[in-house]
Structures are given as C-alpha cells and as structure tokens.
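Got the model open in your viewer? Set side chains to sticks and follow along, one selection at a time.

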Amino acid sequence: MDIIAAIAAGGNAPSAIGVVRVSGEGCFTVCEQVFRTAKPFGKLEPRKMVLGKLLDREGRVVDRGLAVRFPGPHSYTGEDAAEFHCHGSPVVLREVLASLFAAGARQAGPGEFTKRAFLNGRLDLTQAEAVADLIDAETAAAARNAAAQLDGGLRRRLEPVQDALLDITSRFYAVVDYPDEDIEDVNPPQIAAALQEAEARLTALLDTCRRGQVLKKGVRTAIVGLPNAGKSSLLNALAGYERAIVTDVPGTTRDTVEESVLCGGVLLRLIDTAGMRDTSDPVEKLGVERSRRAMETADLILLVEDGAVEPDVIDEDIIDEMDLQEAVLRAGKPWIYIASKRDLSGMIRTSVGSLDGRIKPAACVSLSAVTGEGMEELEQAVAALFPPGTPEEAGSLLTDQRQEEAAGRALAAVHRALEALEGGFTPDAVLTDAEEALEAIGELTGRTAKDEIVSRIFSRFCVGK
C-alpha cells in the first residue's frame, strides 16, 4: 500500500496541540525529510516520543514538536506508521502535511487509517465501527460500550455461534467427501443441540438492539400537551438554558423545537411541540399537525399538564384531544405524565385516575421547571425506562442497522437449518442453511463482507482516523 498522511487532531481552528499521522511501507524515509533530530527517523526507539524540529517543503523549521514511530505490524494500521505532535496552529499543521506530500505521501481518505487496520487484520468490522461510535459518543454509557466493543466484546459474543456452525459444516463435509474414512457419522441430536444453542445466542444478541440504538442515537422524545401547559419551560429546564420562548400567552410555540439533553444518564432527543388544540389560525394548525407527527414517530412521550389548575388527576379529554391513546397503542411506546408548575400549585400529583382501562403512563411526575423540584423524579423515571444494561453486556450490544440485519439473517438461517433437521431433510439442506448463517455472521464481523459494505462503513469516518 502507498503512504498516506492526514491531520488527525486540530487543523480547523487554533488549538493547544495538533497531530499529523502517517502510515504505509517506507513512511519512515518520508518522515525523515520532515522531522529533524539527532538520529535518523528509522532508528528512533519505537513507541517513544522524541523531541525535534518540524520542517516545511523547503527544509525550513516551522515548529518544534514530538514524533513517535510505530513499526509494523505492531501499530494501529498493522504497517509502519508515525505521528507528529506539534502546536495546534492550522498553518503549522498544513505546512507539516504539505511537507509530507512533497516527500511522497498522499492525502488519506475518510477512515483510511482504520480501514487499513481492518484490512491488515488488526481490527474486525465490529471493532472498526466501534472506533466511529467512540468518537461520536454523546454519553458516558455510549463511550463505555464503544470502548468495550473496540476491545472485541461483540466478536467474543459471536465466536461460540461461529465455532458451533463451523463444527456442523465441517462434519457434514467430512462425511460426504470421505465416505470410506473412519469418520464419526452425523449425529442429528448433537447437531440439533448445537443449532438450538446458536439460535438462543443469536436471539439474545438481537434483543440488545433497542438498548444499543438508545446508547448510540438517543431516545426521540416528544413533549406534548395543551397550550400553556409548561412544555417549553420543561425543555428549557432539561437543556439548562432558554432554548424555547416562554410566555403566559397560550400558543407561543408554533413549530417543533428540538434539543438533545441528558436525563437520568439517557440521551433524549427532545421535541417541544405546539400545544394541541382546535384553532383557526393556519400557522398554528400547521404546528399542531407537526406535533401529532412528532408524537407518532417518538420513542417516548412526555405528556405535560398544567399542575396549577384542576383537575388533580390526568384529564382524559387531553388524551382524546391529542390522540395519545392511538399513538401509544400503535407503536407500543411508553409515556410519562408530568404535572407542571408544582411551585404554583403547592401539590404533588401522583394519581393517574381511572383512565377507563386506557394504557397507563409508565410514571407520574409532579415537578417545577422553575425551581427544579421533581426533576430528579423525572430523571429516575426515564432511567428506569431505558436502563443501560449490566457491565457484562458492555461492548456486546448491536448498535446499528447493518449489524442487526446481518444477525437477523444468521438467526433466520439457523432456524431454517433446525426445521430441515427436524423435518428429516437430507444433510445437504441443513448444510446450506448453516453455511448461510456463517456467511451472515462473517459479514457482521467483516470476514465475508462485500467491498461496498466495507467502503460504506468507513465513509462515515473523519479524515485522519
């Protein structure tokens, strides 16, 4: 492979430190023309920072900084690689990069360093995806899960399934290809037990999709209620600043307002909606319609009711007005009842009324967005709905649609293999489905992934990673 280089940190704005990365066979010779120190670059002690002078294309000093070399295969990319750590001036970083280009390197593409790590066997595809997830992590839980996946957590969970399927396919091939050899014949009960174990493991893995998506993308949350119920005040309290306009005039919010916040350790993608009511105002009508759509597409609904006025239980007319019952039942999504303005009412509402057999809220919280009373109870309610999982599960959650789809195909193939075995089909029918399951698992880890899938995954990376 040719030599690639890129700015890995800094470059867009002045910063304390900037980093330039280089990788590829022969890169130490290129680095020698950019970094001046007492020893030739290729003779520097591996994985140890060395102070020296960074040179531009004309050999002039542009900075004093540190360099470190990583001889392959014990490097991030699996090939000879190096890094330069200098002052974070965008001008200095560009000059160092230009000097590397003049010496024979080329600009690295998005994610090309990590792609080389994958192609050279340093990472599997789930670990490579974890690199991007770690960079994009917005919560501590998401970072911990990505770090554990980078350490091979998901691969280790798949290995028993892969080993069982390989054992099944190899046994079938041995019996078919070498009928005259003294090879133990296919044992249907043993094969069935192995397939059932694989089916159980894949089912449990697919059950992690929801938690994985919550960690990675957060929970799309619609704040709904009648006009002047305190929805925008709640959004501002959760965001920690005046994100939405708040007045005493009903109907101030005409459009949806979105903000991402942490609540109970869970990342919520909040959508503050227009108050639900019949109106002749064409602009407000559009806002109400958008509010209904936001509620339908949300993963969680926060129903806010003015707690400073009667009644002291959930007003069922509000549920009817907003079609909340239909939205919740259609998608099976949770909702939390929030009685606002606790500082004005002086009451703590905990009753949800009869609701005439309607679906009950997951929690009932009384709070004040002004004083902060009750906000901790809301955080606890959200955390209970979206638990982070056990420490043992970290790194073994499916976090994106590609992983879920591949695991789903593997499970379907294992299920077909079991049905074929129990139905008395010939061994080749079982073998075909077992091989399909192996192919899907290989696609998940990257062993059998097609080039276009690999390219699409790395295209989401930033340049320099």
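Select Glu79 first: with a relative accessible area of 12%, Glu79 is buried. This is a predicted model, so keep that in mind at each stop. Now add Arg116, which is buried too, at a relative accessible area of 3%. Glu79 and Arg116 form a salt bridge, and their closest N and O atoms are 2.7 Å apart. Glu79 sits in the loop between β5 (61-70) and β6 (81-88) while Arg116 belongs to helix α3 (residues 112-119), so the bridge ties together parts that are 37 residues apart in sequence.

Don't deselect yet. Add Asp2, Arg106 and Glu112, and you have a network of salt bridges in which these three are linked with Glu79 and Arg116. The structure holds 21 salt bridges, and two others are on this tour.

For the next one, select Arg402 and Glu129. Their closest N and O atoms are 2.9 Å apart, and the two residues form a salt bridge. Look at what the pair links: Arg402 is in helix α15 (residues 401-422) and Glu129 is in helix α4 (residues 125-136), 273 residues apart. Buried or exposed, what is Arg402? Arg402 is buried, with a relative accessible area of 13%. Glu129 is buried as well, at 1%.

Now go to Glu138 and Arg269. Here the salt bridge has its closest N and O atoms 2.5 Å apart. Glu138 lies in the loop between α4 and α5 (140-150), Arg269 is in strand β10 (residues 266-272), and 131 residues separate these distant parts of the chain. As for the surroundings, Glu138 counts as partly exposed at 44% relative accessibility, and Arg269 is partly exposed with a relative accessible area of 25%.

Time for some rings. How many aromatic pairs does a search of the whole structure find? The search finds four. Start with Phe28 and Phe41, a tilted pair at 6.0 Å centre to centre, with 40° between the planes. Phe28 comes from helix α1 (residues 27-32) and Phe41 from the loop between β3 (35-36) and β4 (50-55), 13 residues apart. Color them by accessibility if you like: Phe28 counts as buried at 11%, and Phe41 is buried with a relative accessible area of 1%. Keep Phe41 and bring in Phe35: these two make an edge-to-face pair, 6.1 Å centre to centre and 90° between the planes. Phe35 and Phe41 are both buried. Add Phe84 to complete the picture, since ring pairs link Phe28, Phe35, Phe41 and Phe84 into a cluster.

While Phe28 is still on screen, show Arg69. The charged end of Arg69 sits over the ring of Phe28, 5.0 Å from the ring centre. Then hop to Arg21 and Phe113 for another arrangement of this kind: the charged end of Arg21 sits over the Phe113 ring, 5.0 Å from its centre.

Last stop: Gln162, in helix α6 (residues 153-177). Why does Gln162 count as buried? Its relative accessibility is 7%, and buried means under 20%. Which residues is Gln162 in contact with, leaving aside its neighbours within four places in sequence? Select Leu438, Ile441, Gly442 and Arg447, and you have the set.

Notes
Residues are numbered from 1 along each chain as its sequence is written. This is a predicted model: local features need pLDDT of at least 70, side-chain atom pairs count only at pLDDT 80 or more; totals for chains, interfaces and linings use all residues. Side-chain values use heavy atoms; hydrogens and water are left out. Helices (H or I, at least four residues) and strands (E, at least two) are DSSP runs, numbered from the N terminus. Buried means under 20% relative accessible area, exposed over 50%, partly exposed in between (1.4 Å probe, protein chains only). Contact means heavy atoms within 4.5 Å. A salt bridge is a side-chain nitrogen of Lys or Arg within 4 Å of a carboxyl oxygen of Asp or Glu. Rings of Phe, Tyr and Trp (its six-membered ring) pair if their centres lie within 6.5 Å; planes under 30 degrees apart count as stacked, over 60 as edge-to-face and the rest as tilted. A charge sits over a ring if NZ of Lys or CZ of Arg is within 6 Å of the ring centre and within 35 degrees of the ring normal.
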